[in-house]
Amino acid sequence: MGKYDIKIADKYPVRVDVLDSAELISSRTINDLIPKLQKEPPVVALDLHWMEWPPTNSLLVLCIDSYCLVVQLKHVDEIPVNLRRFLADEKICFVGVDVERKLSRGIPSTLSPLDCKTAVDLPLLAARIRKKPSLLNGDIKALATEVGISYEAVASGGRRDLRVNYEAKVFSGDEVKALVLDAFVCYNIGRKLVEELLRDSSAPS
């Protein structure tokens, strides 16, 4: 297990666990991911990184608030039941950019597909909530700007441009920042949008 305490943009502390053991993944799901869902609304950012070849070299990234879990899918024979149940929980809103394509292409063929029915693509969510069709084609930078987040300021300390070897057994601090940066930003975009949606739905007509 790799445990990292990093700072995004040198000011946002984030704890990151990089795991390649099914037992540890199951434990972190119960002890770290699930308790953080007590903060309403229950939003989780989901991202996947993978190499086109070999296709088994892929990383699943989940981010809630100031905690990120990175799962090295190459090194597990099967995704633990606890994590599968977590991803299948329809009370949780999983957010990301191009998330459906990532779920269909980023999971190694050696593993069973993930059931994540409440995965929401952020461009679609933002376009509907803000009533701006142009956001349907928005990238993460445009979406962040739309909700008042300076992506450039966050990315400047996150090393998004750093090339990472997904097959590595050990990652540097900068490599971990690059791996979790988009998930961290997506979480904050998604949370703002879902909170806005809930406010609008509860407001008197």
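This short presentation covers the sheet, two helices that pack on it, and the residue E175.

Good morning. Please keep in mind that the structure shown here is a predicted model.

I begin with the sheet. It is open and is formed by 7 strands, whose order is 1-2-5-4-3-6-7, with mixed pairing. Which strands stand at the edges? They are strand 1, residues 2-8, and strand 7, residues 119-121. Each has a single partner strand, so one side of each is left without a neighbour in the sheet. On average, and with direction ignored, neighbouring strands are turned by 25 degrees against each other.

At one of these edges, strand 1 pairs with strand 2, residues 12-19, in the antiparallel sense, and the pairing runs over 7 bridges. Within this pairing, Y4 has V16 of strand 2 as its bridge partner.

I turn now to the helices on the sheet. Helix 3, residues 99-106, packs on the sheet and touches strand 3 (43-50), strand 4 (58-64), strand 6 (93-96) and strand 7. The direction of helix 3 makes about 50 degrees with that of strand 3. Helix 4, residues 122-130, also packs on the sheet, where it touches strand 6 and strand 7. For helix 4, the angle with the direction of strand 7 is about 70 degrees.

Finally, I come to a single residue, E175, which lies in helix 7, residues 173-202. Is E175 buried or exposed? Its relative accessibility is 19%, and because the cut-off for buried is under 20%, E175 counts as buried. Leaving aside residues up to four places away in sequence, E175 touches L162, R163, V164 and V170.

Thank you for your attention.

Conventions: Residues numbered from 1 in each chain as written. Predicted model: local features only at pLDDT ≥ 70, side-chain atom pairs only at ≥ 80, totals over all residues. Heavy atoms only, no water. Helix = DSSP H or I, 4+ residues; strand = E, 2+ residues; numbered from the N terminus. Buried < 20%, exposed > 50% of the residue type's maximum accessible area, 1.4 Å probe, protein only. Contact = heavy atoms within 4.5 Å. Pairing = 2+ DSSP bridges. Axes fitted to C-alpha atoms, helices over the stretch in contact; angles between N-to-C directions.
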